[in-house]
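Me: Could you take a close look at one part of this structure for me, a single strand together with its surroundings? I would like one connected account rather than a list.

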Amino acid sequence: MARIAALVVALAWIASASRADAEHEVYYRYTVLGYVKDARGRPLAGRQLELIREKTGFSYMGETDAAGFYLIIARLGDESVGEPLTLRIARAGTRLVARFDPTNHTDERGTRVDVEGATLVERSASFASTLAAALDSLTR
């Protein structure tokens with residue numbers, strides 16, 4: 001239940017960013033989301049993930065829900081374009097690069113990384129649709 005509450009808070013934060021506080025603007029965050037499944041394709045609940053900013057060593061934590069879905073929001077500004085990140089789960093990990101248009105301050109920034117067994121697969125083209133589906137599920 002706590003995982004669901006944390007997911008709801010994180011997604012609500014994305015959906016309702018206030019214009020009054022620049023720290024909550026789209027250009028101050030980078031979202032990594034995806035699904036964690038075992039080698040047979042079954043979702044894995046309660047798995048801890050860590051997103052690490054290699055530049056600062058700061059890490060952001062996430063946990064999968066019952067569907068294996070996770071969402072991690074990192075604080076990255078315009079100047080962070082091209083910054084290396086590391087996503088870890090258990091003993092597996094992958095290096096990511098924060099790719100976005102620093103002049104675009106309206107679209108959400110991020111990527112999708114799915115975990116399939118011990119393999120992490122980045123699917124950046126699916127980021128926007130996955131985020132939209134997650135936000136849509138909150139409004140139902």
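Reply: What follows looks at the strand β2, its pairing and its place in the core.

The model is a predicted one, and in it β2 covers residues 48–53. This strand belongs to an open sheet of four strands, ordered β3-β2-β5-β6 and paired in antiparallel fashion, in which β3 (59–63) and β6 are the edge strands, each pairing on one side only. Neighbouring strands of the sheet are turned against each other by 20° on average, if direction is ignored.

On one of its pairings, β2 runs antiparallel to β3 and is joined to it by five bridges; Gln48, for instance, has Glu63 in β3 as its bridge partner. The hairpin formed by β2 and β3 has five residues between the strands, and Gly57 in this hairpin adopts a positive phi near 80°. The pairing of β2 with β5 is likewise antiparallel and rests on five bridges, with Leu87 of β5 as the bridge partner of Leu51.

Leu51 also leads from the sheet into the largest nonpolar core, which has 20 residues and in which Val32, Leu51, Tyr70 and Leu87 touch the most other members. Two or more residues of this core come from each of β1 (30–37), β2, β4 (69–74), β5 (84–89), β6 (92–97) and β7 (110–116). Apart from this core lies another, of seven residues, including Leu33, Phe69, Leu71 and Ile73.

Once neighbours within four places in sequence are left aside, the contacts of Leu51 include Val32, Ile72, Ala74, Leu85, Leu87 and Leu96, and Phe58, Ser59, Tyr60 and Thr86 are in contact with Leu51 as well.

Technical notes
Residues numbered from 1 in each chain as written. Predicted model: local features only at pLDDT ≥ 70, side-chain atom pairs only at ≥ 80, totals over all residues. Heavy atoms only, no water. Core = buried A, V, L, I, M, F, W, Y, C linked by side-chain atoms within 4.5 Å. Buried < 20%, exposed > 50% of the residue type's maximum accessible area, 1.4 Å probe, protein only. Contact = heavy atoms within 4.5 Å. Pairing = 2+ DSSP bridges. Axes fitted to C-alpha atoms, helices over the stretch in contact; angles between N-to-C directions.
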